[in-house]
Amino acid sequence: MKVRINQQACAGHARCNHVAPGLYSLDDNGYIASTGFSVEAGQQALALRGARACPERIIEVLDEPASASTGAA
Ligand code: F3S
């Protein structure tokens, strides 16, 4: 599972960080510091909660299986 963040659209609400500070780091100005990351198995629920907490809806959770799919979409 991966998280993709539209960092440029971040408005600095910091709710993602409030819900899951270990996953959603903020920069010095209070905006999301990352454009995305891979989520460890035990942290998926937390990552999802953080994503849903963002009022701008710029955090997208991609539910990719561990083994990469090679088929055409
Ligand atoms: Fe930005 Fe949304 Fe978090 S606006 S700081 S990604 S809650």
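Q: What makes the side chains along strand β1 (residues 2–5) alternate?
A: V3 and I5 point to one face and are buried, while K2 and R4 point to the other and are not. Buried means under 20% relative accessible area, exposed over 50%, and partly exposed in between (1.4 Å probe, protein chains only). Strands are DSSP runs of E, at least two residues long, numbered from the N terminus. This is a predicted model, in which local features need pLDDT of at least 70, side-chain atom pairs count only at pLDDT 80 or more, and totals for chains, interfaces and linings use all residues. Residues are numbered from 1 along each chain as its sequence is written, and side-chain values use heavy atoms, with hydrogens and water left out.

Q: How do you know that β1 and strand β2 (residues 36–38) pair?
A: Two strands pair if DSSP finds at least two bridges between them. β1 and β2 have three, in the antiparallel sense, so they pair. K2 stands opposite S38 in β2.

Q: What joins β1 to strand β3 (residues 59–62)?
A: Four bridges do, and the two strands run antiparallel. Here K2 stands opposite L62.

Q: Why is the contact of R4 with E60 called a salt bridge?
A: The term requires a side-chain nitrogen of Lys or Arg within 4 Å of a carboxyl oxygen of Asp or Glu. The closest N and O atoms of R4 and E60 are 3.1 Å apart, so the pair qualifies. R4 lies in β1 and E60 in β3, 56 residues apart. By this rule the count comes to one salt bridge.

Q: Why is R4 called partly exposed?
A: Its relative accessible area is 45%, which falls between the buried and exposed limits. E60, at 38%, also counts as partly exposed.
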